[in-house]
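Trainee: I would like to learn how the words used for a structure follow from its values, and I would be glad to go through some cases slowly.

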Amino acid sequence: MVSIGAAVKEPGSTRKNKTGSWRTFKPILDKETCIKCENCIMFCPEGCINKDYDIDYDYCKGCGICAEECPVKAIKMERE
Amino acid sequence: MVLKVMSANQAIAEAVKLANPNVIPVYPITPQTTISEYLAKFVADGDISAEYIRVESEHSAISAALGASGTGVRVFTATSSQGLALMHEIIFAAAGLRAPIVMADANRALSAPLSIWNDQQDSISERDSGWMQVYAENGQEALDSILIAYRVSEDHSVLLPSMVCIDGFILTHTVDPVDVPGKGDVDKFLPPYKPDHAYLDPKRPMSIGTFTDPNYYMEARHDMELALVGAKDVIAKANAEFAEIFGRTYDFIEKYRSDDADTIIVAMGSICSTIKDVVDEHRDNGEKVGLVRVRVFRPFPTKEIYEAIKGASNIGVLDKNISFSVGGVLHNEINAKMDVKANGFIVGLGGRDIKPTHISEIIEKTKNTTKTTQWIGLNKEEL
Amino acid sequence: MEIPEKEFLAPGHRACAGCGATIGVRLALKMLGENTVAISATGCLEVITTPYPETSWEIPWMHVAFENAAAVASGVESALKSQGKTDTTVVVFGGDGGTADIGLQALSGAMERGHNLIYICYDNEAYMNTGIQRSGSTPYGASTTTSPHGKESFGEDRPKKNMPMIMAAHGIPYIATASISYPEDFMKKVKKASEIEGPAYIHLQQPCTTGWGYSPEKTIELGRLAVETGSWILYEIEEGEFKVTYRPLQRRAVKEYLNAQKRFKHLTELEKDRIQSHVDAVCIELKV
């Protein structure tokens with residue numbers, strides 16, 4: 001039932017745990033305003049903003065770092 | 001066969017050379033130190049190609065051994081007494097992570113008061129860790145036990161670490177004739193270690209040492225119990241193949257003139273050589289006395305010991321350890337697991353000499369069954 | 001600077017929203033790539049990333065205990081070497097407790113022996129995993145659950161242990177300080193550490209929303225304030241050569257940093273001035 005030594009052989013398997021359900025505030029990114037500075041991509045603790053600036057809401061916990069660090073205020077935090 | 005005269009520490013180093021581990025992290029401690037030294041010299045001379053890590057403590061020795069084993073290679077380390085106690089936390093982790101590490105322990109008393117001399121308190125205190133434990137009687141058995149230990153530990157149905165215990169000074173620093181097997185025979189007996197349960201390889205990323213909640217921990221521990229109990233079959237098979245290739249036969253226990261004995265002494269390690277002499281003397285006098293030497297202490301050979309001692313009317317169990325207020329550990333385990341009434345004797349703590357007269361005294365004392373643990377060889381008569 | 005796109009720490013981990021540790025690990029792993037083995041000390045990072053039967057790690061990862069990560073890594077590095085796998089990078093992530101306190105001996109041994117590995121201390125300045133207890137890396141004046149402020153106490157009464165300089169005393173080829181709020185500086189240092197033969201140590205300051213007491217969106221801002229006020233200085237020591245890698249144009253008042261966190265809220269103006277004087281002295285010495 002438990003793998004020998006409780007080793008996990010499926011890399012990246014925490015993806016099964018959708019932490020998006022933790023969220024109270026949701027970041028909405030306006031691609032028109034975005035200047036593609038990569039700040040939000042780099043500073044996301046979940047690594048859930050891709051190179052096309054799409055936010056993966058399955059995992060976004062709504063911490064708001066992306067909105068806070070956006071130099072052009074292209075990301076707004078909205079209550080879920 | 002060419003016999004070479006050497007200490008058990010050297011015999012163990014020779015066994016390690018033959019087993020050819022990839023990594024050897026060791027830290028010196030009396031009376032294990034010469035194992036570290038022999039292995040360092042083998043590496044310095046190019047006799048073995050292992051990475052030798054001069055760690056800064058025993059805690060790091062076992063930690064580095066576990067890390068190395070985690071990459072899927074064979075490792076060896078050795079320690080004694082305080083060093084084993086310092087390893088304690090990682091001893092449990094190594095078994096839990098199912099790392100087939102083989103370690104030699106030069107049995108020595110635990111502080112305080114400080115003592116560098118022999119008893120078996122150090123390894124006995126690790127009995128609940130999930131490691132297999134073998135107690136050798138002499139240098140030859142120490143060498144052979146290392147090879148068998150790798151074979152059993154690395155078996156995919158076992159995957160638990162092994163401790164080969166040798167009595168400090170009595171074996172580690174005295175010499176005996178030892179047959180060092182040929183590399184070809186050892187390679188036949190001991191295939192290379194190829195794990196598939198857990199190993200660190202970027203081509204197949206795994207996470208080892210994860211965090212379990214109450215849904216999983218108990219199953220993981222139960223699996224360890226099954227593996228340790230199941231190891232008995234693997235040990236039996238390994239012993240049989242060892243005998244076939246090398247001509248030396250080992251079992252869970254060794255029976256010495258015990259088959260028809262009225263009085264049986266049960267003990268572990270080097271003291272059994274003394275006991276054998278005393279048994280012979282008593283036999284010469286027409287007394288039916290015998291010895292059962294417990295070689296494999298974990299997994300505990302309940303059936304084998306019971307079959308060997310159940311016919312005797314007087315049983316005395318010798319322990320070079322003490323579980324305070326309860327008595328010797330081997331004695332208590334025998335009485336707990338078997339339908340026998342064995343007497344318990346504490347002997348040889350901190351290097352206290354065990355003389356043949358003490359063994360005769362014990363043989364005499366087994367005639368009266370008592371639940372009281374008796375200390376033999378105290379300067380002042382107590383209890 | 002071209003930032004590799006690939007992520008090696010999967011989402012779904014159990015970190016607090018706004019966690020600074022996972023930001024640091026993500027950025028470091030981007031630079032190290034897939035041919036890397038990671039070792040973790042017990043702590044927040046280990047617990048949040050490997051809740052059995054799941055793991056966030058996309059690369060091989062191992063954890064054994066709290067105080068022995070550097071020793072485990074020593075064994076891993078030696079074992080890889082024995083198999084000729086010298087191109088695989090070994091990186092260790094230890095928190096400040098696992099590094100500066102309980103793991104110091106194992107770390108010292110590993111560094112002194114010269115193993116080819118990178119040790120990254122993710123420093124959130126207290127034992128956060130067990131609920132914000134004081135570590136040797138807790139700064140002067142911080143209130144923690146074991147150095148609480150009160151009628152007779154202004155909080156932690158000892159200055160932060162200078163881990164990078166302890167590492168420097170080992171004579172290892174590369175030591176750096178870094179902050180998650182200066183990702184390019186940090187990532188360049190990780191790259192450099194991976195290219196150097198021998199041990200490298202990076203001390204990464206990483207604000208913690210829970211332990212420091214600020215709103216989760218401020219994690220990067222807090223790290224920035226630490227550096228811009230001179231409270232945390234970014235430097236590297238390469239082959240014994242000390243170099244400050246970032247100098248604020250104009251140092252901001254330390255109060256801005258202190259006042260943004262609950263852990264310093266209790267300090268009097270006098271105590272804040274004392275901290276400012278200490279920061280000034282260090283900054284003058286280092287020309288920051």
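Mentor: Let us begin with a term that we shall need at once: contact means heavy atoms within 4.5 Å. Please also keep in mind that this is a predicted model.

Trainee: Which residues does B:Ile24 touch, if residues up to four places away in sequence are not counted?

Mentor: With those left out, B:Ile24 touches B:Val16, B:Leu39, B:Ile48, B:Ala50, B:Glu51, B:Tyr52, B:Ile53 and B:Phe76. B:Ile24 itself has its place in strand β2 of chain B, residues 23-26, and its C-alpha atom is separated by 5.8 Å from that of B:Thr77, although the two are 53 residues apart along the chain.

Trainee: What makes B:Ile24 count as buried or exposed?

Mentor: The relative accessible area of B:Ile24 is 0%, and buried means under 20%, so B:Ile24 is called buried.

Trainee: How do you know on which side of the cut-offs B:Lys194 falls, buried or exposed?

Mentor: Its relative accessible area is 62%, and a residue is exposed when the value is over 50%, so B:Lys194 is exposed. B:Lys194 lies in the loop between α7 (183-189) and β9 (207-208) of chain B, and its C-alpha atom is 9.0 Å from that of B:Arg74, with their positions 120 residues apart in sequence.

Trainee: Why is the pair B:Glu364 and B:Lys367 called a salt bridge?

Mentor: Side chains of opposite charge can pair when their charged atoms come close. The closest N and O atoms of B:Glu364 and B:Lys367 are 3.1 Å apart, and the cut-off is within 4 Å, so the pair counts as a salt bridge. B:Glu364 has 47% relative accessibility and counts as partly exposed, and B:Lys367, with 43%, is partly exposed too.

Trainee: How do you know that C:Glu156 and C:Arg134 form a salt bridge, and what does the pair tie together?

Mentor: Their closest N and O atoms are 2.8 Å apart, which is again within 4 Å and therefore a salt bridge. C:Glu156 lies in the loop between β6 (153-154) and α6 (163-168) of chain C, and C:Arg134 in the loop between β4 (118-123) and β5 (149-150) of that chain, so the pair ties together parts that are 22 residues apart in sequence. At 3% relative accessibility C:Glu156 counts as buried, whereas C:Arg134, at 31%, counts as partly exposed.

Trainee: What does the salt bridge between B:Arg248 and B:Asp179 look like?

Mentor: The side chains of B:Arg248 and B:Asp179 meet at 2.7 Å, N to O. B:Arg248 lies in the loop between α8 (217-246) and β10 (253-256) of chain B and B:Asp179 in strand β8 (residues 175-179), so this pair ties together parts 69 residues apart in sequence. Both B:Arg248 and B:Asp179 are buried.

Trainee: How many salt bridges does the structure hold over all chains, and which residues are linked in a network?

Mentor: There are 52 salt bridges over all chains, and B:Glu137, B:Glu141, B:Glu254, B:Lys276, B:Arg293 and B:Arg295 are linked in a network of them.

Trainee: Now to helices: why is α3(B) called oblique to α3(C)?

Mentor: The axes of helix α3 of chain B (residues 58-70) and helix α3 of chain C (residues 69-82) come within 6 Å and cross at roughly 45 degrees. Angles under 35 degrees count as roughly parallel and 65 to 115 as roughly perpendicular, and 45 degrees belongs to neither range, so α3(B) is oblique to α3(C). The crossing is right-handed, and among the residues that make the contact are B:Gly67 of α3(B) and C:Gly75 of α3(C). By class, this contact has 6 nonpolar, 4 polar and no charged residues.

Trainee: What makes α6(B) oblique to α8(B)?

Mentor: The axes of helix α6 of chain B (residues 139-153) and α8(B) come within 10 Å and cross at roughly 130 degrees. That value lies above the range of 65 to 115, yet roughly antiparallel requires an angle over 145, so α6(B) is oblique to α8(B). Their crossing is right-handed, and the contact includes B:Leu147 and B:Arg151 of α6(B) together with B:Ile235 and B:Glu241 of α8(B). The residues of this contact divide into 7 nonpolar, 1 polar and 4 charged.

Definitions and conventions
Residues are numbered from 1 along each chain as its sequence is written. Chains are lettered from A and ligands numbered from 1 in the order in which they are written. This is a predicted model: local features need pLDDT of at least 70, side-chain atom pairs count only at pLDDT 80 or more; totals for chains, interfaces and linings use all residues. Side-chain values use heavy atoms; hydrogens and water are left out. Helices (H or I, at least four residues) and strands (E, at least two) are DSSP runs, numbered from the N terminus. Buried means under 20% relative accessible area, exposed over 50%, partly exposed in between (1.4 Å probe, protein chains only). Axes are lines fitted to C-alpha atoms, for helices over the stretch in contact, and angles run from 0 to 180 degrees between N-to-C directions. A crossing is left-handed if the near helix is turned anticlockwise from the far one by less than a right angle, and right-handed if clockwise. Ala, Val, Leu, Ile, Met, Phe, Trp, Tyr, Cys and Pro count as nonpolar, Asp, Glu, Lys and Arg as charged, and the others, Gly among them, as polar.
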